[in-house]
Amino acid sequence: MSQLKRTLMLATPVLASVCAMVLWNSQVQADSPAEDEAFPLATHDLLPHPSGRHVAFGRVDPNEIIEQPIQYSHMLHAGTLNIQCEYCHTMARKSIHAGVPPTETCMGCHKVVDATDRPELEKLKGYWERGEEIPWVKVHDLPDFVYFNHKRHVTAGVQCEECHGQVKETMTVAQRVSSLNMGWCLECHKTHPSVDENYGAQAELRRAEMKDCYTCHK
Ligand code: HEC
Ligand code: HEC
Ligand code: HEC
Ligand code: HEC
Ligand code: HEC
C-alpha cells in the first residue's frame, strides 16, 4: 500500500474526530471548570487504573502532585550522589520504555545503609523482605494510540532534561513538567537541532517524516 493511501486511511477517522473537536471548541471555552468536566480538553483522567491507582491518561496536568509509596529523592540520588539516570532507568537507550528500577537496584546500596529510625528506608526494607516490588505510581502515561520510543530520542542525543525537566536539581519523586500533548511533540520535531546534525542534507526530509501522522499514530 502506498504511504499516502495508508496515511489517508489512518487519517480519515482521526480527521473526523479533529473536526468534531474543532466544532466543539467553537461552541465552548475550554477553560471553565464546568466545561472541562464535560470534555476535559486540558487533562485526561478518564480511565481509573485497574488497580484503583490514580493514573493519568494522555495529556496531563503538570501541577498534579502524585503520592508515591516511598519518598524517594531524585535530588539526593541523581543530584548529590551523582548516580546516572541510566543506572536506574536502564532501558532508556535500548527500548521503547525507560522503565522504573526493580527493588534490587535500590538494595545494591541499601543493604548497607542503616535504616534504623528512618521510616522511608524501613518501608524500602519491608518491601524487600516481603519480596514485593514497590508499587510506584506511573507519572507519565501517553494514550495507547500514540507511539513513543525512548531509544530513538536518547540515541539521537535528546537529553532526558529536555522532556522531563530539572529532575536532579529540583525533584524528589518525579513530576511532570511537559504537557505531553501533540503540539509539544510537533514543536520539538520542527525545531530540534539534532535533526540537522544527524541528517545533514536530508534534514528537511526527516522533519517532514517526523510530522507525518503515521509516525506517531500507527
Ligand atoms: C548507589 C547507591 C544507592 C542506590 C542505588 C540507591 N540509594 Fe537510596 N540512598 C543512598 C545513600 C548513600 C543515601 C543517603 C544515606 C544517608 O543519608 O545516610 C540514600 C538515601 C535514601 C533515602 C533517604 C533516607 C532518609 O531518611 O533520608 C531513601 C528513602 C532512599 N535512599 C531510597 C532509595 C530507593 C527507593 C532506591 C532505589 C530506587 C535507592 N534509594 C537507590 C544510596 C543509594
Ligand atoms: C523526547 C522526550 C523524552 C526524552 C528525551 C526522554 N523521555 Fe522519558 N518519557 C517521555 C514520554 C513522552 C514518556 C511517557 C511514555 C508513555 O507513556 O508511553 C516518558 C516516560 C518515562 C518514564 C516512565 C516509564 C516509561 O518508560 O514509560 C521514565 C522512567 C522516563 N521517561 C525516564 C527517562 C530518562 C531517564 C530519560 C533520559 C535517558 C528520558 N526519559 C528521556 C519523554 C521523553
Ligand atoms: C537511584 C535510582 C534512580 C536514579 C539515579 C534516577 N531515577 Fe528516575 N526514578 C526512580 C524511581 C524509583 C522512580 C519512581 C518514583 C518516582 O516517580 O519518582 C523514578 C521515576 C522517574 C520518572 C517518572 C516515571 C514515570 O512514572 O513516568 C522520570 C521521568 C525519571 N525518573 C527521570 C529520571 C532522570 C532524568 C534521572 C537522571 C537525572 C533519573 N530519573 C535518575 C529512580 C531513579
Ligand atoms: C525535545 C524534543 C522532542 C520532543 C519533545 C519529542 N520528540 Fe520525537 N523526536 C525528536 C527527534 C530529534 C527525533 C529524530 C530522531 C532521529 O531520527 O534521529 C524524534 C523522532 C521521533 C519519532 C520517530 C521514530 C522513528 O522510529 O522513526 C517518533 C515516533 C517520535 N519522535 C515520537 C514523539 C512523540 C509521540 C512525542 C511527544 C509525546 C515526541 N516525539 C516528542 C525530538 C523530540
Ligand atoms: C510527533 C507525534 C505526533 C504526530 C506526528 C501526530 N500526532 Fe496526533 N497526537 C500525538 C499525541 C502525543 C497525542 C495525545 C496527546 C493529546 O491528546 O494531545 C495525539 C492525539 C491526537 C488526536 C486525539 C486528540 C484528543 O484530544 O483525544 C488526534 C485526533 C490526532 N492526534 C490526530 C493527528 C493527525 C491527523 C496527525 C497528522 C496530521 C497527527 N495526529 C500527527 C502525537 C502526534
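Leaving aside neighbours within four places in sequence, M171 is in contact with S73, H74, M75, H164, G165, Q166 and V177, contact meaning heavy atoms within 4.5 Å. I begin with this residue and then turn to the iron sites. This is a predicted model, in which local features need pLDDT of at least 70, side-chain atom pairs count only at pLDDT 80 or more, and totals for chains, interfaces and linings use all residues. Residues are numbered from 1 along each chain as its sequence is written, chains are lettered from A and ligands numbered from 1 in the order in which they are written, and side-chain values use heavy atoms, with hydrogens and water left out.

M171 sits in the loop between α9 (167-170) and α10 (182-191); helices here are DSSP runs (H or I, at least four residues), numbered from the N terminus. With a relative accessible area of 2%, M171 is buried. On this scale, buried means under 20% relative accessible area, exposed over 50%, and partly exposed in between, using a 1.4 Å probe and protein chains only. M171 and A78 are 93 residues apart in sequence, yet their C-alpha atoms are 9.7 Å apart in space.

Two of the contacts of M171, H74 and H164, bring us to the metals. Which protein donors does the iron atom of ligand 3 have? They are H74 (NE2) and H89 (NE2), lying 2.1 Å from the iron; donors are N, O and S atoms within 2.8 Å of the metal (3.2 Å for Na, K and Ca), and water is not among the atoms, so sites may look incomplete. H74 lies in helix α3 and H89 in the loop between α4 (85-88) and α5, so the pair ties together parts 15 residues apart in sequence. H74 is buried at 14%, whereas H89 is partly exposed at 24% relative accessibility.

For the iron atom of ligand 2, the protein donors are H150 (NE2) and H164 (NE2), at 2.0 to 2.1 Å. This pair links helix α7 (residues 150-156), which holds H150, with helix α8 (residues 160-164), which holds H164, 14 residues apart. H150 counts as buried at 19% relative accessibility, while H164 is partly exposed at 27%.

The iron atom of ligand 1 takes its protein donors from H77 (NE2) and H110 (NE2), 1.9 to 2.0 Å away. H77 is in helix α3 (residues 74-80) and H110 in helix α5, 33 residues apart. Both H77 and H110 are buried. With angles of 88 to 179° among its six donor atoms, this site is octahedral, a label given to six donors if opposite ones are over 155 degrees apart and all others between 65 and 115. Ideal angles for six octahedral donors are 90 or 180 degrees.

H110 leads us to α5. Its buried residues are T103, C106, M107 and H110. Seen down the axis of α5, they fall within an arc of 100°, so they line one face of the helix; the arc is that of the directions from the helix axis to the C-beta atoms. The face turned away from this buried side carries the exposed residues E104 and G108. Cover for the buried residues of α5 includes α3 and α6.

Finally, the largest nonpolar core has eight residues: I70, C106, M107, A115, L121, L124, Y127 and I134. Such a core is a set of buried Ala, Val, Leu, Ile, Met, Phe, Trp, Tyr and Cys residues joined through side-chain atoms within 4.5 Å. Helices α5 (103-110) and α6 (119-130) each give two or more residues to this core, and α6 provides the largest share, three residues.

Key: Four donors count as tetrahedral if all angles lie between 85 and 135 degrees; four count as square planar and six as octahedral if opposite donors are over 155 degrees apart and all others between 65 and 115; anything else is irregular.
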